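Reader: Please pick one part of this structure and take me through it closely. After that, relate it to the chain as a whole and to the charged pairs and backbone details.

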Amino acid sequence: MTKPSLPELLHAAVSAVGGTERPGQVAMAEAVAEVIDDDSHLLVQAGTGTGKSLGYLVPALAHGERVVVATATLALQRQLVERDLPRTVDALHPLLRRRPQFAMLKGRSNYLCLHRLHEGVPQEDEDGLFDPFEAAAPTSKLGKDLLRMRDWADETETGDRDDLTPGVSDRAWSQVSVTSRECLGASKCAYGAECFAEAARERAKLADVVVTNHALLAIDAIEGAPVLPSHEVLIIDEAHELVSRVTGAATGELTPGQVNRAVRRCAKLVNEKAADALQTAAEGFERLMELALPGRIEEIPEDLGYALMALRDASRTVVSAIGATRDKSVQDEDAVRKQALAAVENIHAVAERIVQGSEYDVVWYERHDRFGASLRVAPLSVSGLLREKLFSERSVVLTSATLKLGGDFNGVAASLGLAPEGTGGEDSPDWKGIDVGSPFDYPKQGILYVAKHLAQPGREGSRGDMMDELAELVEAAGGRTLGLFSSMRAAQAAAEELRGRLDMPILLQGEETLGELIRAFAADDRTCLFGTLSLWQGVDVPGASCQLVVMDRIPFPRPDDPLMSARQKAVEEAGGNGFMAVAATHAALLMAQGAGRLVRASGDRGVVAVLDPRLDRARYGSFLRASMPDFWYTTDRNQVRRSLAAIDAAAKASD
């Protein structure tokens, strides 16, 4: 029997999911197949509606080697495992004459821990363990959630937190889950044979396609101990998120609360001298942190250096001293010891990292209204790590609707450790970029409007002219507005102002769960939804409910953001343009994502309004506009009001 061609396979898969074959999807599938065969790498921009999941799944399944697909969001993981993969495998089975297996794999803390569930949680102030089910009042929200999870444990096949509906709070979940550092290990645990996390790993080892997330991919790269099974092809979807997720995984943090918890966990497990030394170091650190002012620490002050060395040395002693417990009343000693070790090893690692003071790290203080001060350390860049760990010994495909910034792929490629396209050598992997376009007719479906008559936004202070403009636009659109704001304070101020001016529902992020807000926004055409960062890329509402997307200002990083400003300075010191490489690239990515909220289907019409005149006037404006969908561009406020009123009238007529 002849081997089926890629177009045949793609046609079968698209038919199975009830989709329409698109030229961009075909071009993407062919490019993915080519780099898999060549053992090379690909950056592929595929606009909304291209059907990019099938564009990479079909050639990957046809290849026959193991593939890992890493995504940033839970929604896409679910879509792949619950919809796209089952239907695609069914459709390709008769043609391939084999049935590829697939599995989901996440970090250990995403799975229910049976040891925690049945034996309890190591308790800091009491002996041994305590039973959270007894400690929580059965009528409280926490108590009800815990009882529901106990029942769920008997029914679930996966133990995966995301399969529990409705979900539970982080606090409730922490009572029945462990991190990889706290885990006893299958061989030492009484429940090892039934462990959900171990079962997920075993399924992944047998699967042809493993679906995971960026965070686990980052841990796999950073820790050096393989978490993912060996694979020949790595596909990174939502690849615009990868650098920030890897940076997050490589960031260390120390807080007084975290150090004090570690002290309590160790108190009965080590000799008195070791316990007292850690207690003294913790008190010194806490006193220092009370005085900490937010901002970057370019040179470690003497007092902080002493406090960190005391923490490092005391925690090293505790790690060496943790053996049999001093107090015989401690129950389930292995679990108590493992949790204590995890806490102290983390303190030792972060304190040591900051004391060593690598030129490749950025250290800063942060202060939070609720949680107090923290000391943080993050890599100045993750590009070297990604180049070394990601692009060796496998083909890598990175895809997203937003990878071309300012008209080319080189900005995103540089953040991944890749040289400009076509210039790769021994130290830098060779790659190619392809933009397969979008099935949407952006110039006909959308308008990009810049309110260039407004005053330039300052760092602080009210923007009365911007509020007037926003109210007029929302009124002309008849509601139907997604408001994307650069800060929570700006979103709150706008919601408060417009609730007083307009007779239409204004929803505000934080007043309800994000899922509920998006559902309410989609359900009523007159409703508006205002919010900040997660709305710039987390909203998919096709149709008449979202016909105006407003950005209050260009979303540059805050000038006092320690990590971003350090990265900008490093580029400048190397002779580059720090503002364009860091701040403008950050803003371009967010604006491309934000503008992408408007047109989600072929019948969508609307306006993206940017209430920041710099997008039209500033030299970098053309770079930012080139990163956004190719909407019809105008600065004519009257034209936009007429267009919005016409779109509103058409939507009402079709209702």
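**Strand S6 and its surroundings**

Author: In strand S6, Val209 is the residue that stands opposite Phe102. The model is predicted. Phe102 opens strand S3, which covers residues 102-104, and S3 is joined to S6 by 3 bridges, the two strands running parallel. Strand S2 (residues 67-71) is also parallel to S6, with 5 bridges between them. One pairing in that set is Ala70 with Thr212, the latter belonging to S6.

S6 itself spans residues 209-213, and 5 of its 5 residues are buried, so the strand is mostly covered. Which residues point to which side? Val209, Val211 and Asn213 point one way from S6, while Val210 and Thr212 point the other way. Burial holds on both sides of S6, for Asn213 and Thr212 as well as for the three valines. Val209, opposite Phe102, therefore belongs to one side of the strand, and Thr212, the partner of Ala70, to the other.

Next, the chain as a whole. The protein contains 27 helices and 20 strands. Of its 655 residues, 52% count as buried. Among contacts with a separation of 6 or more, 76% are made by residues 24 or more positions apart. The radius of gyration is 27 Å, and a compact globule of 655 residues would have one near 26 Å, so the two agree. Along the principal axes, the C-alpha atoms fill a box of roughly 80 × 70 × 60 Å. The accessible surface is about 29600 Å², and carbon and sulfur atoms account for 48% of that.

Now the charged pairs. The count of salt bridges is 38. Asp237 and Lys52 form one of them, with an N to O distance of 3.5 Å. These two residues are 185 positions apart and link distant parts of the chain: Asp237 sits in the loop between strand S7 (233-236) and helix H11 (242-249), and Lys52 is in helix H3 (residues 52-63). Asp237 has a relative accessibility of 0%, so it counts as buried.

A second pair is Asp361 with Arg353, whose closest N and O atoms are 2.9 Å apart. The side chains of these two residues are also joined by a polar contact of 2.9 Å. Asp361 is found in strand S10, residues 361-368. Is Asp361 buried or exposed? Its relative accessible area is 16%, and the cut-off for burial is under 20%, so Asp361 is buried. Arg353 has 25% and is therefore partly exposed. Leaving out residues up to four places away in sequence, Asp361 touches Arg353, Val377, Ala378, Pro379 and Leu380.

A third pair is Glu516 with Arg519, at 2.7 Å between the closest N and O atoms. The two residues lie 3 apart in helix H21 (residues 514-523), which means that about one helical turn separates them. Glu516 is partly exposed at 36% relative accessible area, and Arg519 counts as exposed at 52%. Some salt bridges also join into a network, which links Arg312, Asp313, Arg316 and Glu352.

Last, the backbone details. Most residues other than glycine have a negative phi, and most peptide bonds are trans. Where does the model depart from a trans bond? The bond between Thr165 and Pro166 is cis, with omega about -10 degrees. Pro166 is located in the loop between helix H7 (141-155) and helix H8 (170-174).

Two residues with a positive phi are worth listing. Asp39, which is not a glycine, has a phi of about 55 degrees. Asp39 lies in the loop between helix H2 (23-38) and strand S1 (41-45), and its relative accessibility of 60% makes it exposed. Glu393, also not a glycine, has a phi of about 65 degrees. The loop holding Glu393 runs between helix H16 (383-390) and strand S12 (395-400), and Glu393 is exposed, with a relative accessible area of 82%.

How values were computed:
Residues are numbered from 1 along each chain as its sequence is written. Side-chain values use heavy atoms; hydrogens and water are left out. Helices (H or I, at least four residues) and strands (E, at least two) are DSSP runs, numbered from the N terminus. Buried means under 20% relative accessible area, exposed over 50%, partly exposed in between (1.4 Å probe, protein chains only). A polar contact is a pair of N or O atoms within 3.5 Å; within protein, one must be able to donate a hydrogen and the other to accept it, and residues adjacent in sequence count only if both atoms are side-chain atoms. Contact means heavy atoms within 4.5 Å. A salt bridge is a side-chain nitrogen of Lys or Arg within 4 Å of a carboxyl oxygen of Asp or Glu. The radius of gyration is taken over C-alpha atoms; the globule rule is 2.2 Å times the number of residues to the power 0.38. Accessible areas come from the Shrake-Rupley method with a 1.4 Å probe; for residues, only the protein chains shown count as cover. Two strands pair if DSSP finds at least two bridges between them.
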